[in-house]
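Work through the exercises below with the sequence and the model side by side. Each task is followed by a solution that proceeds in steps.

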Amino acid sequence: VALAEDVTEQLAEAEELEWTDAAAADATFFQVLSSNDLPNDARVKALAGRVRCALRQRSEPQAAQARQNLSELQTAGQGSQPEVKQASAMLWIDEKQREVGDAEEASPRDLATVQAYAVTVFWSKGGEVAAFDAALALLRRDRSDEAKKLVL
């Protein structure tokens, strides 16, 4: 029981720390994964935490490792766990951001590019208005259902 409480505390600390210091949080998640007799739910939380930390650090080798870890979780049937869903959403956003590259170059006429741009800008600090403006500019040119959904 003491081991479970210690692991729970470590996971809680790492989850809080990942917002400010992803590298330190990743080290804590790694330490938890190294524990003997780790309960499966703690293993899932720690591995999903490592995925989130890797994505927060924004480097390609870490993103590749994040994809591999997330695939492992989903293959193991853990895709419905909240931590895994959050990591999946973060990976999707990261991939959209990488598609766009430099957001300034987004073409206002291409739905896929505007969608990637809007997602990137929306999730950046204070980017909700710019994301909405980009989607609205597309809607003015293209009245398709996809463009309408993007604005919504």
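The exercises move from the whole chain to its cores, then to two helices and two loops.

**Exercise 1. Describe the overall make-up of the protein chain: how many helices and strands does it have, and what percentage of its residues count as buried?**

Keep in mind throughout that this is a predicted model. Begin with the secondary structure, where the protein chain has 8 helices and 0 strands, so that reading from the N terminus gives the order α-α-α-α-α-α-α-α. Next consider burial: of the 152 residues of the protein chain, 38% count as buried. The accessible surface comes to about 9100 Å², and 51% of this surface belongs to carbon and sulfur atoms. Finally, among contacts with a separation of 6 or more, 47% are made by residues 24 or more positions apart.

**Exercise 2. Locate the largest nonpolar core and state which elements give two or more residues to it.**

Start from the core itself, which has 14 residues; Val 51, Leu 55, Ala 66, Leu 70, Leu 73 and Val 84 are those with the most contacts inside it. The elements that give two or more residues to this core are α3 (40–56), α4 (60–75) and α5 (82–100), and the largest share, 6 residues, comes from α3. A second, separate core has 11 residues, including Leu 11, Ala 14, Phe 29 and Leu 38. Returning to the largest core, take Leu 70 as an example: leaving aside neighbours within four places in sequence, Leu 70 is in contact with Val 51, Val 84, Ala 87, Ser 88 and Leu 91. As background, nonpolar side chains tend to be buried together in soluble globular proteins.

**Exercise 3. Work out where the buried residues of α4 lie around its axis, and set α3 beside it.**

First establish the span of α4, whose 16 residues reach 22 Å from the first C-alpha to the last, close to the 22 Å expected at 1.5 Å a residue. Then list the buried residues of α4, which are Ala 63, Ala 66, Asn 69, Leu 70 and Leu 73. Because these residues cover an arc of only 125° around the axis, they lie on the same side of α4. The face turned away from that buried side carries the exposed residues Pro 61, Gln 68 and Thr 75.

For α3, the 17 residues reach 24 Å between the first and last C-alpha, close to the 24 Å expected at 1.5 Å a residue. The buried residues of α3 include Val 44, Leu 47, Val 51, Arg 52 and Leu 55.

**Exercise 4. Decide whether Gln 78 is buried or exposed, and do likewise for Asp 37.**

Place Gln 78 first: this residue is in the loop between α4 and α5. With a relative accessible area of 15%, Gln 78 falls under the 20% cut-off and is therefore buried. Not counting residues up to four places away in sequence, Gln 78 touches Asn 40, Val 44, Leu 73 and Val 84; of these, Leu 73 and Val 84 are listed among the core residues with the most contacts.

Now place Asp 37, which is in the loop between α2 (22–33) and α3. At 72% relative accessibility, Asp 37 is over the 50% cut-off and so counts as exposed. Turning to the backbone, Asp 37 has a positive phi of about 55° although it is not a glycine. A positive phi is also found at Gly 77, just after α4, with a value of about 80°, and at Arg 58, which follows α3, with a value near 55°.

How values were computed. Residues are numbered from 1 along each chain as its sequence is written. This is a predicted model: local features need pLDDT of at least 70, side-chain atom pairs count only at pLDDT 80 or more; totals for chains, interfaces and linings use all residues. Side-chain values use heavy atoms; hydrogens and water are left out. A nonpolar core is a set of buried Ala, Val, Leu, Ile, Met, Phe, Trp, Tyr and Cys residues joined through side-chain atoms within 4.5 Å. Buried means under 20% relative accessible area, exposed over 50%, partly exposed in between (1.4 Å probe, protein chains only). Helices (H or I, at least four residues) and strands (E, at least two) are DSSP runs, numbered from the N terminus. Contact means heavy atoms within 4.5 Å. Accessible areas come from the Shrake-Rupley method with a 1.4 Å probe; for residues, only the protein chains shown count as cover. The expected span of a helix is 1.5 Å times one less than its number of residues. The arc is that of the directions from the helix axis to the C-beta atoms.
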